[in-house]
Amino acid sequence: MSYKQIYSAWQNDPTQFWAEAAAAIDWTKKWDSVLDDSNAPIYRWFTGGETNTCYNALDRHVENGRADQHALIYDSPITGQVKQYTYRELRDEVAKLAGVIRAMGVEKGDRVIIYMPMVPEAAMAMLACARIGAIHSVVFGGFASKELATRIDDAKPKAIISASCGIEPARIISYKPLLDQAIELSDAKPEKCLILQRPQQTCDLIAGRDIDWETAMQRAQPVDCVPVAATDPLYILYTSGTTGQPKGVVRDTGGHLVALNWSLANFYGVKPGDVYWAASDVGWVVGHSYIVYAPLILGCTTILFEGKPVGTPDAAAYWRVIENHGVNVLFTAPTAFRAIKREDPRGELIGNHDLSSLNALFLAGERCDPDTLNWATDKLGIPVIDHWWQTETGWPICGNPLGIEQVPIKVGSAGVPMPGYDVQVLDPVGNQVAENVIGAVVLKLPLPPGTLPTLWQRDDLYIQKYLSHYEGYYSTADAGFKDGDGYLHIMARTDDIINVAGHRLSTGGMEEVLARHPDVAECAVIGVKDALKGEVPIGLLVLNAGVTRDSAEIAAEVIQMVRDQIGPVAAFKQATVVNRLPKTRSGKILRGTIKRIADQTPYKTPATIDDPAILDEMKAAVETLGYGGE
Ligand code: COA
Ligand code: AMP
């Protein structure tokens with residue numbers, strides 16, 4: 001069937017469509033209703049059904065002929081290690097780890113925070129929680145203690161699973177002091193912490209609270225999968241909102257299984273037994289959906305890569321991994337390809353490797369610039385697919401469904417909508433705009449299985465943040481347009497979110513940190529264009545009256561504050577002091593105009609501006625940081 005036929009089949013009978021997709025999942029109890037709309041606008045999928053995610057990801061494959069197939073390959077150029085786990089080995093490790101976690105007092109419905117680097121034990125921890133029905137919440141390792149503490153206080157975990165250290169190319173990150181400090185800062189202190197000691201740097205354990213991973217595993221009794229309701233949460237993943245308070249995106253069990261299984265086969269064009277590599281981090285949604293869950297649910301081999309596209313050791317790292325493990329499909333962020341292209345512009349290193357296994361490259365996480373897409377297509381000679389989705393949706397909204405058919409690739413567009421998503425572009429009063437006209441990109445409710453049913457214990461906030469702008473629609477907070485062929489073009493965020501090297505960050509959250517500096521009266525953080533990372537944040541600071549200290553010193557202090565309070569991943573490295581900020585007459589800071597000045601994109605002086613002369617001051621300020629100019 002063609003893409004159009006499949007999309008129409010979904011449009012004509014969405015519940016039948018998802019019921020058919022759900023047949024690929026093993027249920028311990030079949031659902032009563034496919035879609036439960038009794039509490040609209042909060043919708044639930046497969047209510048009454050029971051299943052277990054870990055069973056679908058591991059045990060059923062062991063039982064059905066994949067026991068000796070590699071389930072997970074850990075490739076770590078940063079430590080010089082490669083380790084393979086068959087489905088049987090992974091199932092056995094996870095069953096034992098689930099025993100350890102249960103012995104720590106964790107039961108079905110309890111939360112467990114996982115704060116780990118890219119080691120196979122991180123994936124095992126996620127699966128082990130799923131096995132006993134505990135709800136995991138993975139926190140990305142590049143976040144500092146305060147960010148971790150915020151998540152601890154919201155999720156109130158019974159236990160935390162962590163490691164002694166993470167390894168970045170230039171340094172070892174001591175995780176344990178960050179964890180200890182986060183627990184110190186939080187009110188909801190966990191009872192137990194399970195700590196994986198890595199040989200590169202071990203850590204001290206706190207008696208009575210911390211448990212050594214290896215010792216506990218030696219004593220552990222394996223446990224079986226616990227059936228949970230399809231609507232029970234599998235995980236919470238915190239994502240940046242417009243303030244420093246992250247939003248706890250909930251993923252439920254049944255819809256997630258169905259959607260990931262469907263999307264890996266039909267969207268990414270992957271078959272059971274294939275080798276699939278999502279070069280991301282388990283701390284992000286890409287890592288949840290396409291490093292850990294989808295490839296295992298479908299019976300593939302997944303690659304867990306602890307390294308970087310460049311510098312571990314060189315710009316051929318991706319090509320080596322593809323060749324060594326026979327990768328069929330690669331998924332990463334455009335920034336990774338920009339990094340490779342910068343070091344190896346002619347793609348000479350590609351020729352040293354046999355990439356014949358590779359069928360397709362998928363890029364997402366930020367807008368893919370045409371140069372990068374064209375370069376990758378030219379050098380690899382395979383379909384290179386830009387696709388668009390969000391932490392909230394958990395799987396692609398738009399793209400090119402290679403598993404169904406390849407529709408024509410349009411460079412600069414995020415592709416066509418997937419079944420499940422009715423994507424519309426609206427004007428401020430909620431009318432659909434004409435073709436090629438930019439508006440708010442929204443999704444008609446209900447959202448498909450696998451997308452967020454709500455925010456963790458905050459239905460009210462979910463409705464307020466996502467569903468209240470246009471009745472009957474989910475607001476994506478992206479602006480864009482649909483062209484005459486129905487392809488979507490995503491142009492910008494409509495809120496304070498920026499994408500730095502594919503990492504989603506809140507400029508509002510950074511402003512909250514800057515505002516805590518005793519000398520700062522007012523500030524603005526803006527995401528400006530960056531050739532490698534897509535966007536990077538810069539800060540403009542207005543100091544309190546009477547402050548006579550050296551401005552450079554204050555700038556350095558706020559930079560350090562963001563690093564300490566949000567984390568190195570914020571990549572906040574530039575700030576400058578200004579006399580004042582441009583505002584509207586009602587006092588709103590004109591961040592968009594400053595951004596346009598810094599990005600050298602044409603702008604009009606806003607009609608509501610308080611004092612137009614200030615824009616010249618902004619020009620001078622961003623020029624001191626290397627932006628703007630003629
Ligand atoms: N733990 C601790 N620190 C981390 C970290 C982690 N898990 N991940 C990143 N950091 C640190 C880095 O060391 C760096 O610190 P520095 O300021 O001391 O140099 C900082 O956070 C920024 O990291 P990163 O965004 O990775 O930038 P980079 O300059 O080190 O590398 C790229 C740039 C493009 C090579 C890198 O971003 C990359 O590999 N991207 C791949 C795409 C990707 O994974 N996207 C995720 C969503 S799909
Ligand atoms: P995250 O939740 O980290 O996946 O970030 C989601 C946001 O990243 C989206 O709302 C977009 O703003 C942006 N994004 C992701 N993929 C794309 C893409 N292919 N094109 C444009 N923007 C994208």
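Here are a few exercises with worked solutions on this predicted model.

**Exercise 1. The H3/H4 pair**

Work out how helix H3 and helix H4 are oriented to each other, and which residues make the contact.

*Solution.*
- Step 1: Start with the geometry. H3 spans residues 53-66 and H4 spans residues 87-103; their axes come within 9 Å and cross at roughly 140°.
- Step 2: Put that angle in a class. Angles over 145 degrees count as roughly antiparallel, 65 to 115 as roughly perpendicular, and those outside the named ranges as oblique. H3 and H4 are therefore oblique to each other.
- Step 3: Add the handedness. The crossing of H3 past H4 is left-handed.
- Step 4: List who touches whom. H3 brings Cys 54, Ala 57, Leu 58, Asp 59, His 61, Val 62 and Arg 66, while H4 brings Tyr 87, Arg 88, Leu 90, Arg 91 and Val 94.
- Step 5: Sort these contact residues by type: seven are nonpolar, one is polar and four are charged.

**Exercise 2. Gly 472 and its surroundings**

Where is Gly 472 found, and is Gly 472 buried, partly exposed or exposed?

*Solution.*
- Step 1: Locate the residue. Gly 472 sits in the loop between helix H14 (459-467) and strand E25 (473-482).
- Step 2: Check the accessibility. Buried means under 20% and exposed means over 50%. Gly 472 has 34% relative accessibility, so it counts as partly exposed.
- Step 3: Look for contacts beyond the neighbours within four places in sequence. Gly 472 touches Leu 443, Lys 444 and Leu 445.
- Step 4: Try a long-range distance. Leu 541 is 69 residues from Gly 472 along the chain, and their C-alpha atoms are separated by 40 Å.

**Exercise 3. Aromatic pairs**

How many aromatic pairs are there, and how are the rings of Phe 17 and Trp 18 arranged?

*Solution.*
- Step 1: Count ring pairs with centres within 6.5 Å. The count comes to 34 aromatic pairs.
- Step 2: Take Phe 17 and Trp 18. Their ring centres are 4.9 Å apart and the planes are at 85°, so this pair is edge-to-face.
- Step 3: Check burial. Phe 17 has 12% relative accessibility and so counts as buried; Trp 18, at 0% relative accessible area, is buried too.
- Step 4: Now try Phe 267 and Tyr 268. This pair is edge-to-face, with 4.8 Å centre to centre and 90° between the planes. Phe 267 and Tyr 268 are both buried.
- Step 5: Widen the view. Phe 267 and Tyr 268 belong to one aromatic cluster with Tyr 276, Tyr 290, Phe 331, Phe 362 and Trp 389.

Notes:
Residues numbered from 1 in each chain as written. Chains lettered and ligands numbered in written order. Predicted model: local features only at pLDDT ≥ 70, side-chain atom pairs only at ≥ 80, totals over all residues. Heavy atoms only, no water. Axes fitted to C-alpha atoms, helices over the stretch in contact; angles between N-to-C directions. Helix = DSSP H or I, 4+ residues; strand = E, 2+ residues; numbered from the N terminus. Parallel < 35°, antiparallel > 145°, perpendicular 65-115°, else oblique. Left-handed = near helix turned anticlockwise from the far one by under 90°. Contact = heavy atoms within 4.5 Å. Nonpolar A, V, L, I, M, F, W, Y, C, P; charged D, E, K, R; others polar. Buried < 20%, exposed > 50% of the residue type's maximum accessible area, 1.4 Å probe, protein only. Phe/Tyr/Trp six-rings, centres within 6.5 Å; stacked < 30°, edge-to-face > 60°.
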